[in-house]
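Trainee: Could you pick one part of this model and take me through it closely? I'd like to see how it ties in with whatever is around it.

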Amino acid sequence: MERIGYRDGAVELTGLLARPRGAPRAAPRAAILVFPTIMNTTRSVEEKAGQLAAAGYLALIADYYGKMPENFPQSRAFAAEIRPDPAIYRTRLRAALRALVGIEGAAGLPLAAIGFCMGGQAALELAREGAPFDAAVSFHGLLGTELPAEPGAVSARLLVLHGDADPMVPRGQVLRFWEEMDRAGANWHFHSYAGVKHGFTNPYPAPGNDAVAYDASADRQSWAAMHSLFTELWG
């Protein structure tokens, strides 16, 4: 993958770019911003970006921190530097979007965002404020926000892919999200997989976290649902 340097103010960040096979001659179908987990980029997320490139998309994995956490507690500390304040958080996320649209070959392409865990939340955060995505897709993402979407603000089609046994996103949070999106007038689809926990797309979960478990069926079904939406949008 290509390393793409960009900035959020004084913070230097590095995204990872996967191009369609055969580039630069192969024209991408769309440009996809990929928000990783709280651990920043991981093997699983990089594999997903590679799969997007193989399907003909330009895919940029965003960088939250400008540094890589060594373990989960450190990742939580890094996230606490940006996530509690929605203005700071969304500014960091917007920097990644600017980096994507500035990449050679991205001009004029349709845009979408996808994300995993914290990344699912990130994709929805930008969609809530009206980022110019055709679609925003959340895989086992957190659904709460401190800045709910205003009526008419969400222009992207939303696809939320959720494990119903995810203790980090209980049903009360799910219901509040539905109600928020209805108030906003958003176009949303929500897929919930029975008995499936958090992090279900990651076949390499870190040990010792009972909230997280890979689920091969939910992984396949959710990825297929994303591609189905993209095909509907862009052919």
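Mentor: Quick ground rule before we dig in: two strands count as paired if DSSP finds at least two bridges between them. Keep in mind too that this is a predicted model.

Let's take strand E5, residues 111-116. On one side of the pairing story there's strand E6 (residues 135-139), which runs parallel to E5 over five bridges. If you want a single pair to click on, Gly115 has Ser138 in E6 as its bridge partner. E5 also pairs in the parallel sense with strand E3 (residues 31-35), again over five bridges. There, the pair to look at is Val34 and its bridge partner in E5, Ile114.

How does the chain get from E5 to E6? Helix H4 (residues 118-128) completes the connection, and E5, H4 and E6 together make a right-handed β-α-β unit.

Now for the faces. In a regular strand, side chains alternate between the two faces of the sheet. For E5, one side carries Leu111, Ala113 and Gly115, the other carries Ala112, Ile114 and Phe116, and they're all buried. That's six buried residues out of six; the cut-off for buried is under 20% relative accessible area.

So what's sitting against E5? Try Phe133. Phe133 touches Leu111, Ala112 and Ala113, and its other contacts include Leu33, Leu97 and Leu126. Phe133 is also among the residues with the most contacts inside the largest nonpolar core, together with Leu33, Phe35 and Leu158. That core has 51 residues, and helix H3 (residues 86-101) gives the most to it, with seven. Apart from this core lies another one of 30 residues, and Phe116 is among its members, as are Leu52, Ala53 and Phe200. As background, nonpolar side chains tend to be buried together in soluble globular proteins.

Leu52 and Ala53 lead us to helix H1, where they're buried along with Ser44, Val45, Lys48 and Ala49. E5 is part of what covers those buried residues, and the cover also includes E2, E3, E4 and H6. H1 itself runs over residues 43-54, and its 16 Å from first to last C-alpha is close to the 16 Å expected for its 12 residues at 1.5 Å a residue. Just after H1 you'll find Gly56 with a positive phi of about 100 degrees.

Two of those covering elements, E2 and E4, belong to some antiparallel pairing. E2 pairs that way with strand E4 (residues 58-61) over three bridges, and Ala18 has Ala59 as its bridge partner in E4. E2 (residues 11-18) is also antiparallel to strand E1 (residues 2-8), this time over seven bridges, with Gly15 in E2 partnering Ile4. E1 and E2 form a hairpin with two residues between them, and Gly9 in the turn has a positive phi of about 60 degrees.

Last stop: go back to H4, the helix of the β-α-β unit. H4 is one of the elements that the buried residues of helix H5 pack against, the others being strands E7 (157-163) and E8 (187-193). Those buried residues are Gln173, Val174, Phe177, Glu180, Met181 and Ala184. They span an arc of only 125 degrees around the axis, so they sit on the same side of H5. That fits the helix geometry: with 3.6 residues a turn, residues three or four places apart point the same way. Turned away from that buried side, H5 shows the exposed residues Arg171, Arg176, Asp182 and Arg183. The length of H5 (residues 171-184) checks out too, because 14 residues at 1.5 Å each should span 20 Å and the end C-alpha atoms are 20 Å apart. Right after H5, Gly185 takes a positive phi of about 75 degrees.

So when you rotate the model, start from E5: covered on both faces, paired in parallel with E3, and paired in parallel with E6 as well.

Note on methods
Residues are numbered from 1 along each chain as its sequence is written. This is a predicted model: local features need pLDDT of at least 70, side-chain atom pairs count only at pLDDT 80 or more; totals for chains, interfaces and linings use all residues. Side-chain values use heavy atoms; hydrogens and water are left out. Helices (H or I, at least four residues) and strands (E, at least two) are DSSP runs, numbered from the N terminus. Buried means under 20% relative accessible area, exposed over 50%, partly exposed in between (1.4 Å probe, protein chains only). A crossover is right-handed if, with the strands pointing away from the viewer, the path from the first strand over the helix to the second runs clockwise. The expected span of a helix is 1.5 Å times one less than its number of residues. The arc is that of the directions from the helix axis to the C-beta atoms. Contact means heavy atoms within 4.5 Å. A nonpolar core is a set of buried Ala, Val, Leu, Ile, Met, Phe, Trp, Tyr and Cys residues joined through side-chain atoms within 4.5 Å.
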